[in-house]
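Student: Please give me a close look at one part of this model. Start with the strands around it, then work outward.

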Amino acid sequence: MKGYAMLKIGQSGWIEKGRPACGPLDAICKPLAVAICTSDIHTLWEGAIGERHDMILGHECCAEVVEVGADVKDFKPGDRVLVPAITPDWNSLEAQAGYSMHSGGMLAGWKFSNFKDGVFSEFFHVNDADGNLALLPKNINVVDACMLSDMVPTGFHGVELADVQFGDTVLVIGIGPVGLMSVAGTNMRGASRIIAVGTRPVCVEAKKYGATDFVSYKNGPIFQQVLDMTDGKGVDKVVIAGGGVETFAEAVKCLKPGGKIGNVNYLGSGDNIDIPRVEWGVGMGHKQINGGLMPGGRLRMEKLGALVSAGKLDVSPLSTHVFDGWDHLEEALFLMRDKPKDLIKPVVKLAD
Ligand code: NDP
Ligand code: ZN
């Protein structure tokens with residue numbers, strides 16, 4: 001089979017590989033549509049998870065099941081499925097402890113294009129199919145379905161990590177596709193004021209998803225702008241979905257005592273994160289910093305899919321660049337690397 005792979009840091013291309021084998025609990029799937037993620041860019045061009053050779057890229061898609069193992073109960077060949085970016089081993093101790101995304105070790109639930117071949121391939125392997133896949137609701141098209149792999153679950157996880165409550169004032173740092181979904185999730189959780197940080201004009205979508213105020217990180221320190229906008233009070237919660245290691249200091253400075261930060265940003269470079277001592281209440285400010293990889297799992301995917309299916313969440317504005325066929329995959333990947341101003345998310349359709 002053909003797959004689009006990271007050949008080494010900074011180099012990618014199509015390669016030939018054997019079709020993966022299907023274990024008793026597994027499924028083999030073929031993509032119906034795939035989306036490119038900023039994480040693919042961190043991995044391939046920044047070497048953020050280290051060197052990988054001939055590893056097929058990609059972790060966002062929806063797919064058709066082509067083969068299932070003997071012990072798979074709820075899926076069969078021909079089923080169209082949502083595929084989460086994170087596919088934990090559900091019988092691991094980490095999953096039993098409530099951290100399935102780290103099943104087998106730190107971040108090890110993130111298997112596609114990290115510990116095994118990803119989904120930019122004619123066929124790909126899904127471990128623990130009953131635990132990880134979800135049926136694709138009939139009224140969700142294949143392009144929108146790709147947004148349920150990672151953008152919705154990750155953006156919403158930032159909201160969960162920040163523990164957004166009714167009436168909160170929330171700062172969302174970064175309004176790319178992940179941050180836009182954090183804005184949407186923050187709004188659904190009942191925040192009153194949502195201050196969004198970003199500059200790309202296409203992110204006016206953030207307003208439709210519920211952002212009430214905007215800050216440009218190019219106009220000086222974020223915290224100063226946020227404190228000015230809130231009469232010096234700051235915000236209850238911060239979701240971080242963009243920027244670099246420096247955003248944590250900004251977030252701590254923006255937070256009220258007792259506030260919480262939920263980070264889902266993948267920090268691709270830098271060695272340390274600085275926490276400002278004074279604004280962190282000289283160690284006693286009850287300002288919590290939580291960072292997490294999105295949870296996967298069938299139950300969560302079914303619930304998030306139901307939000308889209310029921311018309312409560314419109315993900316269609318995210319897919320700004322839709323291509324037809326594998327021939328356009330590289331173009332889509334390079335587009336995500338270069339991030340033109342009108343881009344939110346590139347998607348490659350392989351079926352209707
Ligand atoms: P984008 O690059 O599309 O968006 C990043 C956003 O951050 C943009 O709004 C950008 O603004 C803004 N930004 C850039 N620099 C700064 C800065 N210095 N200060 C504040 N804001 C800044 O990224 P995505 O939405 O695709 O992804 C966001 C992050 O989430 C990535 O790091 C990605 O790898 C990670 N991720 C994490 C996952 C998880 O499970 N935890 C899963 C998937 C993705 P501008 O408008 O100017 O471009
Ligand atoms: Zn992703």
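Tutor: Strand 3 (residues 27-35) and strand 16 (residues 346-349) run antiparallel and are joined by 3 bridges. Two strands count as paired if DSSP finds at least two bridges between them. Helices (H or I, at least four residues) and strands (E, at least two) are DSSP runs, numbered from the N terminus. The model is predicted: local features need pLDDT of at least 70, side-chain atom pairs count only at pLDDT 80 or more, and totals for chains, interfaces and linings use all residues. Residues are numbered from 1 along each chain as its sequence is written, chains are lettered from A and ligands numbered from 1 in the order in which they are written, and side-chain values use heavy atoms, with hydrogens and water left out.

Back to the strands. Ala-33 faces Lys-349 of strand 16. Lys-349 in strand 16 is also the bridge partner of Asp-324. Strand 15 (residues 321-324) pairs with strand 16 in the parallel sense, over 4 bridges. Helix 11 (residues 329-338) joins strand 15 and strand 16 in a right-handed β-α-β unit. Right-handed here means that, with the strands pointing away from the viewer, the path from the first strand over the helix to the second runs clockwise.

Now the metal. The zinc ion (ligand 2) is coordinated by Cys-37 (SG), His-59 (NE2), Glu-60 (OE) and Asp-150 (OD), at 1.8 to 2.2 Å. Donors are N, O and S atoms within 2.8 Å of the metal (3.2 Å for Na, K and Ca); water is not among the atoms, so sites may look incomplete. Along the chain, the donors of the zinc ion (ligand 2) are spaced as C-x21-H-E-x89-D. Cys-37 sits in the loop between strand 3 and helix 1 (38-45), and Glu-60 belongs to strand 5 (residues 60-68), so the pair ties together parts that are 23 residues apart in sequence. Cys-37 and Glu-60 are buried. Buried means under 20% relative accessible area, exposed over 50%, and partly exposed in between (1.4 Å probe, protein chains only).

The site of the zinc ion (ligand 2) is tetrahedral, with angles of 92 to 130° among its 4 donor atoms. Four donors count as tetrahedral if all angles lie between 85 and 135 degrees; four count as square planar and six as octahedral if opposite donors are over 155 degrees apart and all others between 65 and 115; anything else is irregular. The ideal angle for four tetrahedral donors is 109.5 degrees.

Next, helix 1. In helix 1, 6 of the 8 residues are buried, so the helix is largely enclosed by the rest of the structure. Those buried residues are Ser-39, Asp-40, Ile-41, His-42, Thr-43 and Leu-44. They pack against strand 1, strand 2, strand 3, strand 4 and helix 11. Contact means heavy atoms within 4.5 Å. Gly-47, just after helix 1, has a positive phi of about 60°.

Then the small sheet's strands. An open sheet of 3 strands runs in the order 2-1-4, with antiparallel pairing. Strand 2 (11-16) and strand 4 (55-56) are its edges, each with a single partner strand, so one side of each has no neighbour in the sheet. Strand 1 (residues 2-8) runs antiparallel to strand 4, and 2 bridges join them. Ala-5 is opposite Ile-56 in strand 4. Helix 1 packs on this sheet, touching strand 1, strand 2 and strand 4, and its direction makes about 50° with that of strand 1. Axes are lines fitted to C-alpha atoms, for helices over the stretch in contact; angles run from 0 to 180 degrees between N-to-C directions.

Strand 1 and strand 2 are antiparallel too, joined by 6 bridges. Met-6 stands opposite Ser-12 of strand 2. Their hairpin has 2 residues between the strands, and Gly-10 there takes a positive phi near 90°.

Last, another sheet. It is open and parallel, with 6 strands in the order 11-10-9-12-13-14. Strand 11 (213-215) and strand 14 (288-291) are at the edges, each with a single partner strand, so one side of each is left without a neighbour in the sheet. The twist averages 20° from one strand to the next. Helix 5 (residues 151-162) lies across strand 12 (235-240), strand 13 (255-263) and strand 14, at about 150° to strand 13.
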